[in-house]
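Colleague: I should like a close look at a single part of this model, namely its helix and the side chains along its surface. Please take the charged pairs, the patches and the aromatic contact in turn.

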Amino acid sequence: MVNNINEVIANLAKIDSATSQIMESTKKEQSAYSEEMRQKTIDFDRELDAQVEKKVDEIRKELFESNQKLIDEYMEESTNTHDRLDKLFTEKREEWIDTIFNNIIKE
């Protein structure tokens with residue numbers, strides 16, 4: 001009977017030892033998994049930042065090109081308007097001078 005109790009105690013000690021080893025192994029695996037997830041999170045954040053920066057640069061470039069096109073169109077329109085006004089002034093200058101002069105004299 002004492003032999004059986006000693007066997008049971010020995011078996012319980014083996015089970016306790018195995019349980020301790022399993023727990024230690026689980027902690028190591030959990031630690032390794034946590035580190036792997038931390039690294040994946042860092043990599044994901046880096047990749048996401050790069051993608052966002054690339055998209056922002058693309059949008060910035062599109063806006064710059066769009067604004068430059070509008071500026072060019074407005075400059076051309078302004079130049080055309082200036083040319084038309086200059087031509088009109090050249091054609092009507094004498095007539096306007098006479099009209100202004102006559103209006104001043106009438107008063």
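Modeller: A salt bridge is taken here as a side-chain nitrogen of Lys or Arg within 4 Å of a carboxyl oxygen of Asp or Glu. The model is a predicted one, and the part in view is helix H1, which covers residues 2-106. In general terms, side chains of opposite charge can pair when their charged atoms come close.

The structure contains 6 salt bridges, and three of these pairs may be followed along the helix. One of them joins Glu-35 to Arg-38, with 2.8 Å between the closest N and O atoms. Both residues belong to helix H1 and stand 3 residues apart, about one turn of the helix. Glu-35 has a relative accessible area of 37% and is therefore partly exposed; Arg-38, at 44%, is likewise partly exposed.

A further salt bridge links Lys-55 with Glu-58, where the closest N and O atoms are 3.9 Å apart. This distance satisfies the criterion, because the cut-off is within 4 Å. Lys-55 and Glu-58 are 3 residues apart in helix H1, so about one helical turn separates them. Lys-55 is partly exposed, its relative accessible area being 47%, and Glu-58 counts as partly exposed at 33% relative accessibility.

Asp-57 and Arg-60 also meet through their side chains in a salt bridge, at 3.1 Å from N to O. Here too the partners lie in helix H1, 3 residues apart, or about one turn of the helix. Asp-57 shows a relative accessible area of 37%, which means that it is partly exposed.

Beyond these pairs, the surface carries a patch of negative charge, in which Asp-72, Glu-73, Glu-76 and Glu-77 gather. Residues of such a patch have no salt bridge and over 30% relative accessible area. Glu-73 is placed in helix H1; its relative accessibility is 39%, so it counts as partly exposed.

The nonpolar side chains form a patch of their own. Leu-85, Leu-88, Phe-89, Trp-96, Ile-100 and Ile-104 make up this surface patch, and together they have about 580 Å² of accessible area. Leu-88 has its place in helix H1 and is partly exposed, with a relative accessible area of 32%. That value admits Leu-88 to the patch, because the requirement is over 30%.

Two members of the nonpolar patch, Phe-89 and Trp-96, also supply the aromatic contact. The structure holds 1 aromatic pair: the ring centres of Phe-89 and Trp-96 are 6.3 Å apart and their planes stand at 50°, so the pair is tilted. The term follows because planes under 30 degrees apart count as stacked, those over 60 as edge-to-face and the rest as tilted. Phe-89 counts as partly exposed at 40% relative accessibility, and Trp-96 is also partly exposed, with a relative accessible area of 35%.

Finally, Leu-12 gives a reference point for the extent of the chain. Leu-12 is placed in helix H1 and has a relative accessible area of 52%, so it is exposed; the threshold for that class is over 50%. Between the C-alpha atoms of Leu-12 and Lys-106, which are 94 residues apart along the chain, the separation is 127 Å.

Key: Residues numbered from 1 in each chain as written. Predicted model: local features only at pLDDT ≥ 70, side-chain atom pairs only at ≥ 80, totals over all residues. Heavy atoms only, no water. Patch = residues over 30% accessible without salt bridge, like charges linked within 9 Å, V, L, I, M, F, W, Y side chains within 5 Å. Areas by Shrake-Rupley, 256 points an atom, 1.4 Å probe, with all protein chains shown as cover. Lys, Arg positive; Asp, Glu negative; His and termini not counted. Charge placed at Lys NZ, Arg CZ, Asp CG, Glu CD. Helix = DSSP H or I, 4+ residues; strand = E, 2+ residues; numbered from the N terminus. Buried < 20%, exposed > 50% of the residue type's maximum accessible area, 1.4 Å probe, protein only. Phe/Tyr/Trp six-rings, centres within 6.5 Å; stacked < 30°, edge-to-face > 60°.
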